[in-house]
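User: I'd like to understand how the labels for this structure were reached. Could you take me through the reasoning, one question at a time?

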Amino acid sequence: MFGFLIRRIIQSVFVMLAVALIAFMMFRFMGDPVNSMVAENATTEERDAVRERLGLDQPIWIQYGRFVARAAIGDFGLSWRNARPVSTLLAERFPATAELVLVAAGLSLAIGIPLGILTALRPNSISTQVLQLMSLVGISLPTFVTGILLILVFSVWLGWLPSFGRGTVVDVGWWSTGFLTLSGLKALILPSVMLCLFQLTLIMRLVRAEMMEVLRTDYIKFAKARGLTNRSIHFRHALKNTLIPVITIFGLQLGGLIAFAIITETVFQWPGMGALFIQAVSFGDVPVMAAYLVLVSLIFVIINTTVDLLYAVLDPRLRVEGARAAH
Amino acid sequence: MTDTTQSRTTASTLARLLDSDIAWNFRHSWTARISSVLILILFAAALFAPMLATQNPYDISQLLLLDSELPPAWVEGGDPRYLLGTDEQARDVYSSILYGLRLSLIVGFASVALAAVVGISLGLLGGFVGGMVDGAIMRVADILLSFPAILVALLVNGIARGVLPPDRHADAAIWVLILAIGLTNWVQYARTVRGSTMVERQKEYVQAARINGVSGMGIMMNHILPNVLGPVLVIATINLGMAVLTEATLSFLGVGMPATQPSLGTLIRIGNEYLFSGIWWVVIFPSVVLVALVLAVNLLGDWLRDALNPKLR
Amino acid sequence: MALLSVENLTVAFPGRRGSVNAIEDVSLSISPGEILGMVGESGAGKSMTGAAIIGLIEPPGRIVKGGILLEGQRIDTLRPEEMRRIRGRRIGAIFQDPLTSLNPVLTVGEQLIETIQTHLRLSKAEARERAIDWLRRVGIPAPEARIDTYPHQYSGGMRQRVVIALALCAEPRLVIADEPTTALDVSVQAQIIALLRKLARETGVAVILVTHDMGVIAETADRVAVMYAGRIVEVGPVAEVLTAPRHPYTRGLMASIPRIGARPDVLPQIEGAMPRPDARPGGCAFAPRCPHRMDICGHTRPDLNGGATLSVACHLTEEVPA
């Protein structure tokens with residue numbers, strides 16, 4: 001187990017170094033950073049002085065090393081667009097995205113898993129067929145179209161829910177949360193529904209497929225032959241075997257949620273990191289793009305490593321110390 | 001002599017095709033038939049857009065500002081000249097959709113072609129050369145796959161925009177999109193082709209060619225490409241749906257096609273800004289066309305995958 | 001009274017081209033403590049008979065004729081919940097592949113204790129005691145420690161012992177063992193068969209031993225039923241059936257077993273193959289392969305009849321009942 005953990009961490013470090021390399025190349029080769037530091041009529045000597053001060057005369061791998069060192073403490077310099085520190089910008093925006101993604105992830109699990117089980121246990125019922133059809137449509141609807149439809153129905157026509165912003169937020173330390181006010185919670189509903197919908201259909205289909213697979217196995221047949229109750233067979237024997245692979249996929253999908261939050265944040269003018277990233281992309285604001293890339297990659301890597309570890313904990317076949325005691 | 005042989009093979013190939021499982025499968029799958037009819041209609045609409053459209057939405061001189069924000073023809077206050085209504089600049093929604101569909105499909109097809117060319121080349125290279133080259137290609141592919149496609153496309157897009165001067169953004173948008181989407185989606189082609197190449201490389205004729213000092217690459221290509229044609233076709237079809245969707249998403253986010261040259265995604269973005277004035281038709285109709293296109297392509301892709309190779313699932 | 005009796009059982013699977021009978025008119029009975037062997041080729045209907053008895057026929061298959069009586073009670077018409085209470089408690093089952101029969105994510109103890117507590121009113125601690133006791137009885141060394149380990153930590157033979165413990169732990173009166181040794185190493189097979197025999201003697205449980213291995217039958221069973229194309233063609237005491245088989249199919253089956261000492265260059269084989277369930281001939285299903293085929297065999301199906309102990313379904317033996 002310990003060795004496995006170490007191996008995973010080393011792998012993660014390499015992925016992060018590769019991502020940092022991409023971010024570094026963006027800095028190094030997109031526009032000349034010196035231009036943004038000196039007056040337009042600066043002499044060559046002045047420019048060289050800045051170049052030297054920034055370390056741009058050093059060999060490239062030393063520059064990369066410095067970049068990684070600064071990135072490790074969260075220093076990505078100033079935004080080219082509004083000259084504020086990138087780390088501050090991201091820190092301001094992070095809570096909005098985190099709350100949105102977490103609520104959407106929770107919703108998609110809380111609804112997707114039961115629906116998947118239901119449709120697996122009653123494969124021929126009408127409700128299953130309706131759900132299957134809906135999930136097909138859900139998978140084909142572009143997320144932004146879903147968002148627009150939600151706004152059209154619930155904000156424009158019915159006027160029930162706000163269509164933009166986070167409502168009133170409360171600061172808890174540096175974290176601004178929308179969980180504590182009614183308007184904050186109301187503002188969260190449409191964006192999180194839009195964000196979770198695609199994920200929900202994926203999880204439902206995945207749970208259904210896995211569950212049906214498991215229900216066909218010999219150990220379920222043997223459990224039936226021992227007269228165990230349906231409840232135990234479905235929810236103790238089958239569900240645990242079903243959910244182990246689902247956890248892995250969900251981990252990967254959580255990354256997808258963070259990426260799709262970009263679209264949700266644009267549709268609902270949600271003041272999160274994704275909206276910031278889109279602005280950076282359209283302005284070619286390299287420091288913000290690079291920092292977002294590194295931060296999101298870090299989150300991905302942490303999620304994936306956690307999922308692998310969780311998998312090892314949940315599946316007895318993968319518990320290394322257990323395997324050693326075998327036979 | 002060669003000619004007759006050629007035509008005979010073509011004829012027999014055609015006969016085989018019509019008699020094949022695929023054709024049987026097609027005749028017996030209503031999703032395949034409906035989706036292919038829908039695709040044909042949409043492709044034709046895009047192809048003949050200038051003839052089918054009632055106005056050229058890019059030509060400002062054709063726009064009558066008086067006719068702006070008219071609802072669809074069958075709604076009260078609608079004008080029969082504008083079947084699906086007009087937007088705030090008096091552009092006919094129906095005509096804009098035709099032109100937008102055209103652009104969406106151009107970007108879709110071009111990026112699929114780019115992805116296929118890059119993927120097939122890298123797959124052949126990796127599978128044939130092996131070793132470090134193969135390892136490097138596959139590592140890049142792994143990392144690429146671990147990121148959501150939309151994020152990679154956004155990033156390539158952002159880098160391209162950073163490199164280009166701002167005044168060139170609008171003109172270059174279509175190329176930037178093709179590049180961004182194409183470079184996001186090559187991995188699956190590369191993996192499939194690489195697998196086939198590695199199998200083929202072990203075969204005797206390649207070994208013999210190597211011993212004789214002849215490059216096996218040329219002969220191999222002739223053997224591999226027919227083998228991978230089926231899977232590549234499936235990947236390309238599914239990819240086309242994804243590419244159209246990615247283009248629409250990027251354009252919707254405001255980093256794709258500019259408002260002067262709107263694709264379906266741009267139309268939806270523009271329409272979205274007027275949603276609160278109650279002008280729903282500007283956003284709903286392009287959305288319906290986009291959903292129909294993506295759904296039809298996806299259904300066809302799913303069917304093709306099952307019909308061509310049940311193992312690919 | 002017979003512990004279990006199956007009467008004229010027919011299981012049918014509705015298909016696109018009409019209904020197909022997996023087993024037809026199967027009748028058999030088994031007394032308490034008896035070991036009944038069931039032999040036949042794959043697809044002869046041995047496993048289907050077992051599945052019908054424990055009420056686990058895969059849909060859309062269903063019993064269309066006949067019935068099953070357990071200790072005089074009709075069980076094939078019970079509601080699902082009532083049948084569930086019988087499975088494990090009164091009829092146990094052992095499946096072919098021990099590698100896939102155990103749930104990989106639950107410990108052996110969890111699976112045993114759950115089975116025991118489902119059927120017997122015992123506390124968790126008592127159930128655990130009983131589970132350890134059963135692991136000991138099936139020959140698992142250090143059961144107190146092994147009970148909390150997972151199936152993948154056991155070898156194939158040990159896993160089959162666990163499967164046997166699971167099948168017997170709620171003390172059923174009858175256990176259906178469906179090819180219990182087929183998936184195991186040859187060296188382990190004999191141990192498992194010996195264990196089954198020992199446990200049957202100790203607990204008095206009756207066993208229906210489904211196998212295609214005549215050797216296993218000879219060693220273990222009291223009586224044997226030979227199945228061919230969904231029907232029982234011969235049933236009787238093992239000693240009689242094996243030494244003096246009446247049905248031409250049983251004879252062929254016996255002749256194709258290699259014997260030590262006699263070393264023919266070519267093992268005699270039965271020509272041809274068993275017909276598929278949807279392509280059985282009108283008369284005797286074995287007629288096309290039978291060396292003693294008569295005219296009547298082509299159009300009239302022979303009934304299973306005979307004396308008190310031995311029955312044969314063959315026109316050859318009809319004139320001279322045993």
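User: What makes residues 103-128 of chain B count as helix?

Analyst: Happy to start there, with the reminder that this is a predicted model. Residues 103-128 of chain B are 100% helix and 0% strand, and the C-alpha atoms at the two ends of this span lie 37 Å apart. For residues 140-160 of chain B the figures are 86% helix and 0% strand, with 20 Å between the end C-alpha atoms.

User: Where does the "transmembrane region" label in chain B come from?

Analyst: That label comes from UniProt, in an unreviewed entry. The record gives it to several stretches of chain B, among them 34-53, 103-128, 140-160 and 279-301. Such annotations may be inferred rather than shown by experiment.

User: Why are H7(A) and H9(A) called roughly antiparallel?

Analyst: The axes of helix H7 (residues 182-215) and helix H9 (residues 230-267) of chain A cross at roughly 160°. Angles over 145 degrees count as roughly antiparallel, and therefore H7(A) and H9(A) earn that name. Their axes come within 9 Å, and the crossing is right-handed. The residues of this contact divide into 20 nonpolar, five polar and one charged.

User: What makes the phi of A:Gln269 worth pointing out?

Analyst: Most residues other than glycine have a negative phi. A:Gln269 is a residue other than glycine, yet its phi is positive, near 45°. You will find A:Gln269 in the loop between H9 and helix H10 (273-283) of chain A.

User: How do you know that the peptide bond between C:Pro59 and C:Pro60 is cis?

Analyst: Look at omega, which is about 10° for the bond joining C:Pro59 and C:Pro60. Most peptide bonds are trans. C:Pro60 sits in the loop between H1 and E4 of chain C.

User: What makes E2 and E5 of chain C edge strands?

Analyst: Their pairing settles that. The open sheet runs in the order E2-E1-E4-E5 in chain C, with antiparallel pairing. Strand E2 (18-30) and strand E5 (73-74) each pair on one side only. Helix H1 (residues 46-53) of chain C packs on this sheet, touching E1, E2 and E4 of chain C.

User: How do you know that E4(C) and E5(C) pair?

Analyst: Two strands pair if there are at least two bridges between them. Strand E4 (residues 62-70) of chain C and E5(C) have two bridges, in the antiparallel sense, so the condition is met. In E5(C), C:Arg74 is the bridge partner of C:Leu69.

User: Which strands are at the edges of the eight-stranded sheet?

Analyst: Those are strand E6 (91-94) and strand E11 (305-306) of chain C. The order across this open sheet is E6-E7-E8-E3-E9-E10-E12-E11, with mixed pairing. E6(C) pairs with strand E7 (residues 174-178) of chain C in the parallel sense over four bridges, and C:Ile91 stands opposite C:Leu174.

User: How do you know that no contact joins chain B and chain C?

Analyst: A contact needs C-beta atoms, placed from the backbone, within 7 Å. No residues of chain B and chain C are in contact, and the closest C-alpha atoms of these chains lie 17 Å apart. Two pairs of chains do touch, and chains A and B have the most contacts.

User: What makes up the contact of chain C with chain A?

Analyst: Chain C gives 26 residues and chain A gives 23 residues. On the side of chain C, the largest share comes from H4(C), with four residues. That side divides into 10 nonpolar, 10 polar and six charged residues.

Notes:
Residues are numbered from 1 along each chain as its sequence is written. Chains are lettered from A and ligands numbered from 1 in the order in which they are written. This is a predicted model: local features need pLDDT of at least 70, side-chain atom pairs count only at pLDDT 80 or more; totals for chains, interfaces and linings use all residues. Axes are lines fitted to C-alpha atoms, for helices over the stretch in contact, and angles run from 0 to 180 degrees between N-to-C directions. Angles under 35 degrees count as roughly parallel, over 145 as roughly antiparallel, 65 to 115 as roughly perpendicular and the rest as oblique. A crossing is left-handed if the near helix is turned anticlockwise from the far one by less than a right angle, and right-handed if clockwise. Ala, Val, Leu, Ile, Met, Phe, Trp, Tyr, Cys and Pro count as nonpolar, Asp, Glu, Lys and Arg as charged, and the others, Gly among them, as polar.
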